[in-house]
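Trainee: I would like to learn how to read a structure feature by feature. Could you take me through this one slowly, giving the general idea before each case?

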Amino acid sequence: MLMLLPLGSDEREAHAPRATLVLVALNLLVFLATQGFDLDKAERQQGLLEEVASWTLREAGQRVPALAARTTAPALAFLERDSAWRGELSRPEYRELRDRLEAAAEDARKLRGAHPFHRFGFVPARITPLTLVSHQFLHAGVLHIAFNMLFLWTVGGLLERTLGVVRFLAVYLVGGMAAALAHAALNPASTEPAVGASGAVAGVMGAYAVLHARERMRLALVVAPLVMPRIYWVSWPAGVFLGLWLLEQVFFASFGSTSLGVAFGAHLGGFAFGAVAGTTLRMLGLVAETASG
């Protein structure tokens, strides 16, 4: 097993990349702020409610065939989006089943209301302007934020100098929105919140691939990272590394836009936006002379 980790560009920065530093700091601050919420406990509670709702729906479906034919998993998501089950279970003999489902649905709503991922994460079935941006600053764990910030730091500094602070931030934030919308287009009914800066970082990587493909990138090649890791330090053109990264995203996305708990479809959407944005800005002459194709 091999792992390639980017460590930065061979191009030396004349000054600290302010916007990149601010983005990294904001992501870290939000990550620390959300650690007070017990995510594992919330997930366990969500799982128990899902089991109750699923079991009760199966029992109700045995009595109401129309409900059984329409029921889909996950059960809590079905209860939220379907408007007919209450009427179908309105008869007195179904009251216990209806009350149990009502309680599970209400408890799930309260749990989501307190969960930062459900409040500020991007849910394809409930798109809002706020969550299009806020989900980009939420992360599910240390490795999640560490990898995203490593990739952002690697490409952010040089691209920020090339585009300028305002255009760089625009590519980052709008790239994150484009990634989220790509995820929603592929999973329109999903009620699972998507979180993380990876879509926005993919947008920056797409622009970097267009504007700095020949720029040499320092990389750590880790061999057998889970057994006895050996690390080799290499320097490759950015286009080679980013091309390999893109092929990896396409490969995993071929198994489903979301697999292994990662929204690979969102990564592809963000990268595509960044590549188009970088190409457009170069054609309009809005990039610094350090850019190389």
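Mentor: Let us begin with accessibility: a residue is called buried under 20% relative accessible area, exposed over 50%, and partly exposed in between, using a 1.4 Å probe and protein chains only. By that rule E106, at 31% relative accessibility, counts as partly exposed. Please keep in mind that this is a predicted model, in which local features need pLDDT of at least 70 and side-chain atom pairs count only at pLDDT 80 or more, while totals for chains, interfaces and linings use all residues. Residues are numbered from 1 along each chain as its sequence is written, and side-chain values use heavy atoms, with hydrogens and water left out.

Trainee: What share of the residues in the protein is buried?

Mentor: Of the 293 residues in the protein, 44% are buried. The accessible areas come from the Shrake-Rupley method with a 1.4 Å probe, and for residues only the protein chains shown count as cover. The protein exposes about 14700 Å², of which carbon and sulfur atoms supply 66%.

Trainee: How many helices and strands does the protein have?

Mentor: Helices (H or I, at least four residues) and strands (E, at least two) are DSSP runs, numbered from the N terminus. Counted in this way, the protein has 13 helices and five strands, and its C-alpha atoms fill a box of roughly 75 × 50 × 35 Å along the principal axes.

Trainee: How should I read contacts, and where is T191 placed?

Mentor: A contact means heavy atoms within 4.5 Å. Among the contacts in the protein with a separation of 6 or more, 73% are between residues 24 or more positions apart. T191 sits in the loop between α10 (165-186) and α11 (198-211), and it counts as buried because its relative accessibility is 16%. Once its neighbours within four places in sequence are left aside, T191 touches A77, E80, H118, V123, A125 and R126.

Trainee: Two of those carry charges, I think; which side chains meet E80 or R126 in a salt bridge?

Mentor: Side chains of opposite charge can pair when their charged atoms come close. The rule for a salt bridge is a side-chain nitrogen of Lys or Arg within 4 Å of a carboxyl oxygen of Asp or Glu, and by this rule the count comes to 11 salt bridges. E80 and R126 form one with each other, at 2.8 Å from N to O. This pair links distant parts of the chain, since E80 is in helix α4 (residues 75-81) and R126 is in the loop between α7 (116-120) and α8 (129-134), 46 residues apart. E80 is partly exposed at 34%, and R126 is partly exposed at 29%.

Trainee: Which partner does R109 have, and how far apart are the two in helix α6?

Mentor: The side chain of R109 meets that of E106 in a salt bridge of 2.8 Å, N to O. Because E106 and R109 are three residues apart in helix α6 (residues 95-114), about one helical turn separates them. Elsewhere, salt bridges that share partners join E59, R63, E96 and R100 into one network. R91 also forms a salt bridge, with E93, and the closest N and O atoms of that pair are 2.5 Å apart.

Trainee: What is a surface patch, and which residues make the nonpolar one?

Mentor: Patches are made of residues with over 30% relative accessible area and no salt bridge, where like charges are joined within 9 Å and nonpolar side chains (Val, Leu, Ile, Met, Phe, Trp, Tyr) within 5 Å. L7, I231 and W233 make a nonpolar patch of about 340 Å². I231 lies in strand β3 (residues 230-237), and it counts as partly exposed because its relative accessibility is 46%. Apart from neighbours within four places in sequence, I231 is in contact with A220, L221 and V222. From I231 to L221 the C-alpha distance is 5.6 Å, with their positions 10 residues apart in sequence.

Trainee: Which residues gather in the patch of negative charge?

Mentor: Lys and Arg count as positive and Asp and Glu as negative, while His and the chain ends are not counted; the place of a charge is taken as NZ of Lys, CZ of Arg, CG of Asp or CD of Glu. On the surface, D38, D40, E43 and E192 gather in a patch of negative charge. E43 belongs to helix α2 (residues 39-63), and E43 is partly exposed, with a relative accessible area of 46%. For the protein as a whole, the mean positions of the 25 positive and 23 negative charges are 3 Å apart.
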